[in-house]
Amino acid sequence: MPNCISDKMFALTQKNSAVREMFEEGNRLAKLYGRENVYDFSLGNPNFPAPARVKEAVIDVLNTEPTTMVHGYMSNAGYPDTRKAIAESLNKRFGTAFSEANILMSVGAAGGLNVILKTLLNPGDEVLAFAPFFLEYGNYVRNYDGELKIVPPNLPSFQPDPAALEAAVTAKTKAVIINSPNNPTGVIYSEATIRALGAVLEKKASEYGHPIFILADEPYRELAYDGAVVPWITKLYRNTVVCYSWSKSLSLPGERIGYLVIPSEIDDYTLVFDAASIATRVLGFVNAPSLMQRAVMRCLDEETDINGYDSNRKKLCDGLRAAGYECAEPQGAFYLWVKTPCDDREFAQTAKKYNILVVPGTSFACPGYVRIAYCVSAHTIEGALPGFKKLAEEYGLK
Ligand code: PLP
């Protein structure tokens, strides 16, 4: 008997997210063995609390601003003074010349990506992503009847390969999603890489007679270690839209707050900005959360404290390398991307024997690796290392 839900949603109900599945498995194991004996590296949920400044800012907003402002509707693009403050902060950091007219408040990076994809895509348009990538991209692109095309991974550096991009672009390519610092590899795309990708896109755009956009998905921008620089892409490629969020930088993933940067220099800027404002409305977001817009504008100078993540990164990376594992150089975000000695799904399954939960690379369109999210407590890292060592021995890594 036919069911009453749409075919697209039916397909999604049949294929749950592997990350979420692992997270649920973690909850099941925690009930059996106790939470402290389960080493759950499945979800990118920051374990460090939001900085004290966020709480002060929220209290300050509630105490000092009129309630209509704190809880009210505003223009779909967001509060003008919030957008202006963000533009000025970006200009100070990156030497750009943005104004509030370039900033559109969004419901996290996921909301921002959906808004810009709805703005740009016609049915059948293609969007490219470099493997491995955050698998929700496919769902977001299909929301607007676009097609996500995968550019194969470039091993072992995991810097996107311009030649592979060139081979993947077709007349239907509308946009390329770039995520750096990267989930799941932790790799930061270098300026040379971005310039080379930009050169390919310029060439292809003029060959096909229409612009190809870079959508720079940057929720991990602030998480860069050892002084690594995350290039600011609007300065390197003209038709770039940046999707930012405070989910990771201020540990606010549930608050759903971020923004799009839509530079005045992009093709059809006015139309794109107006359409993105309307997309925010018609997708049912209407606007980004008002209280959070008021709060984050008070936190723009807040430095993200990356010391805890950095110490986890070093402990985990050193421990795993000593046990015989190979991993991509983790320069940013809070993920370690580890080569598996067998099928990645089998490895993730075997790891459960030691109460260790990791996500198979297959879930990021790149088999042969697993992702270990180290946004966890130091206890989790320390407790898991003996299990990882036994796993390595089981597979003869050392
Ligand atoms: N993009 C990437 C690469 C992510 O890893 C995530 C969340 O984990 C998102 C987007 C969604 O971020 P947000 O919570 O800001 O919507």
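Contact, as the word is used in these legends, means heavy atoms within 4.5 Å. The views that follow are taken from a predicted model.

**Figure 1. Phe-388, a buried residue of helix α14.**
Phe-388 lies in helix α14, which comprises residues 378-394, and with a relative accessibility of 1% it counts as buried, because the limit for that class is under 20%. When the neighbours within four places in sequence are left aside, Phe-388 is in contact with Phe-41, Leu-316, Leu-320, Tyr-325, Ile-356, Val-358 and Ile-372. Val-58, which is 330 residues away from Phe-388 in sequence, is 41 Å from it in space, taken from C-alpha to C-alpha.

**Figure 2. The whole chain, shown for orientation.**
The secondary structure of the chain comes to 14 helices and 12 strands. The chain is as compact as a globular protein of its length, because its radius of gyration of 21 Å is close to the 21 Å that the globule rule gives for 398 residues. Taken along the principal axes, the C-alpha atoms fill a box of roughly 60 × 55 × 55 Å, and 55% of the 398 residues count as buried. Among the contacts with a separation of 6 or more, 74% are accounted for by residues 24 or more positions apart. The chain exposes about 17000 Å², of which carbon and sulfur atoms supply 54%. The chain carries 40 positive and 45 negative charges, and the mean positions of these two sets are 2 Å apart.

**Figure 3. Arg-294 and its polar contacts.**
Arg-294 is found in helix α11, residues 290-296, and it is buried, with a relative accessible area of 3%. Its side chain is joined to that of Glu-65 by a polar contact of 2.8 Å, and to that of Thr-82 by a polar contact of 3.4 Å. Not counting residues up to four places away in sequence, Arg-294 touches Val-61, Glu-65, Met-69, Tyr-79, Asp-81 and Thr-82, so that Glu-65 and Thr-82 appear both among the residues touched and as partners in the polar contacts.

**Figure 4. Helix α7 and the elements that cover it.**
In helix α7, which spans residues 136-143, the residues Tyr-137, Gly-138, Asn-139, Tyr-140 and Val-141 are buried. The cover over the buried residues of α7 includes the helices α1 (7-13) and α6 (108-120), together with the strands β3 (126-130), β4 (147-151), β5 (173-179) and β6 (213-217). α7 is followed by Asp-145, whose phi is positive, near 60 degrees.

**Figure 5. Ala-365 in the loop between β11 and β12.**
Ala-365 is found in the loop that joins β11 (359-360) to β12 (369-373), and at 24% relative accessibility it counts as partly exposed, because that value falls between the limits of 20% and 50%. Not counting residues up to four places away in sequence, Ala-365 touches Ala-131, Phe-133, Leu-135 and Ile-150. Pro-152 is 213 residues from Ala-365 in sequence, yet the two are 8.7 Å apart in space, C-alpha to C-alpha.

**Figure 6. Two cis peptide bonds that lead into prolines.**
Most residues other than glycine have a negative phi, and most peptide bonds are trans. The peptide bond from Ala-131 to Pro-132 is cis, with omega near -5 degrees, and Pro-132 lies in the loop between β3 and α7. The peptide bond from Ser-180 to Pro-181 is also cis, again with omega near -5 degrees, and Pro-181 is found in the loop between β5 and α9, the latter being residues 191-208. Ala-131, which precedes Pro-132 in the cis bond, is one of the residues that Ala-365 touches.

**Figure 7. Phe-158 and Asp-268, two loop residues with a positive phi.**
Phe-158 is not a glycine, yet its phi is positive, at about 65 degrees; Phe-158 is found in the loop between β4 and α8 (162-168), and at 6% relative accessibility it counts as buried. Asp-268, likewise a residue other than glycine, has a positive phi near 55 degrees. Asp-268 is found in the loop between β8 (258-261) and α10 (269-282), and at 54% relative accessibility it counts as exposed. The two residues therefore fall into opposite classes, Phe-158 being buried and Asp-268 exposed.

Conventions. Residues numbered from 1 in each chain as written. Predicted model: local features only at pLDDT ≥ 70, side-chain atom pairs only at ≥ 80, totals over all residues. Heavy atoms only, no water. Helix = DSSP H or I, 4+ residues; strand = E, 2+ residues; numbered from the N terminus. Rg over C-alpha atoms; globule rule 2.2 N^0.38 Å. Buried < 20%, exposed > 50% of the residue type's maximum accessible area, 1.4 Å probe, protein only. Areas by Shrake-Rupley, 256 points an atom, 1.4 Å probe, with all protein chains shown as cover. Lys, Arg positive; Asp, Glu negative; His and termini not counted. Charge placed at Lys NZ, Arg CZ, Asp CG, Glu CD. Polar contact = N/O pair within 3.5 Å; in protein donor to acceptor, adjacent residues only side chain to side chain.
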